[in-house]
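Me: Please take a close look at one part of this model for me, and then show how that part sits in the whole. I work with structures every day, so do include the cut-offs.

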Amino acid sequence: MILCVAIAFGSMHDLTLFRQSGVQIHPETALIGDAGYQGIRQRHGHSVTPHKATKKAPLTPEQRQQNRELASTRLRVEHVIR
C-alpha cells in the first residue's frame, strides 16, 4: 500500500514535510523510505532506509546488498507514484 501523507509547494526536504504533516502512523506499519528519510527511525521505529557510507566507514558488502534489495522494492513503488 502506498501512503501519500502531505504535499507542499516549492522545495522542501522529504523528512521535514513528513514531520510538519503531523500524520500519525501505527507503530506496526512498516515505512520504506529513500535517503531523504534518513533519521525517520527516531520518530518511527519500524522504518527502513538505505545505509549511508562515509569516508571513514565505507559500506560493507552486506550493506551494499541490503541497499540493492531496498532499492528493488522501492522501484516498484516509485513506478506506481509516477
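Reply: Happy to! Helices (H or I, at least four residues) and strands (E, at least two) are DSSP runs numbered from the N terminus, and with that convention H44 falls in the loop between β1 and β2. That loop is the part I'd like to look at. Two notes on the source first. This is a predicted model, in which local features need pLDDT of at least 70 and side-chain atom pairs count only at pLDDT 80 or more, while totals for chains, interfaces and linings use all residues. Residues are numbered from 1 along each chain as its sequence is written, and side-chain values use heavy atoms, with hydrogens and water left out.

Let's begin with H44 itself. With a relative accessibility of 6%, H44 counts as buried (buried means under 20% relative accessible area, exposed over 50%, and partly exposed in between, with a 1.4 Å probe and protein chains only). Which residues does H44 contact, leaving aside its neighbours within four places in sequence? They are I25, H26, P27, T29 and L31, where a contact means heavy atoms within 4.5 Å. For L31 there is also a backbone distance: the C-alpha atoms of H44 and L31 are 8.1 Å apart, although 13 residues separate the two along the chain.

L31 leads us on to S47, a residue of strand β2, which covers residues 47-48. Once neighbours within four places are set aside, S47 has contacts with L31, I40 and R41. L31 therefore turns up in the contact lists of both H44 and S47. S47 is buried too, at 4% relative accessible area.

Now to D34, which brings in helix α2. D34 and R74 form a salt bridge, with their closest N and O atoms 3.5 Å apart. R74 lies in α2 (residues 61-81) and D34 in the loop between β1 (31-32) and β2, so this pair ties together parts of the chain that are 40 residues apart in sequence. The rule behind this asks for a side-chain nitrogen of Lys or Arg within 4 Å of a carboxyl oxygen of Asp or Glu, and it gives a count of 1 salt bridge. Are the two partners buried or exposed? R74 counts as buried at 18% relative accessibility, whereas D34 is partly exposed at 24%. Beyond its neighbours within four places, R74 is in contact with I32, G33 and D34.

D34 also gives us a reference point for H51, which is placed in the loop between β2 and α2. H51 and D34 are 17 residues apart in sequence, and their C-alpha atoms are 9.9 Å apart in space. H51 is partly exposed, at 32% relative accessible area. Not counting residues up to four places away, H51 touches L59, Q63, Q66 and N67.

A53 lies in that loop between β2 and α2 as well, and it is partly exposed with a relative accessible area of 45%. Its contacts, with neighbours within four places left aside, are P58 and L59. From A53 to Q63 the C-alpha separation is 9.4 Å, across 10 residues of sequence.

Before the strands comes helix α1 (residues 14-21), whose buried residues are L15, L17 and F18. Seen down the helix axis, these fall within an arc of 160° (taken from the directions from the axis to the C-beta atoms), so they line one face of α1. Just after α1, G22 adopts a positive phi of about 75°.

Finally, the whole. The protein has 2 helices and 2 strands, in the order α-β-β-α along the sequence. Its C-alpha atoms fill a box of roughly 35 × 30 × 25 Å along the principal axes. Of its 82 residues, 16% are buried. Among contacts with a separation of 6 or more, 18% are between residues 24 or more positions apart. The protein exposes about 6800 Å², and carbon and sulfur atoms supply 54% of that (Shrake-Rupley method, 1.4 Å probe; for residues, only the protein chains shown count as cover).
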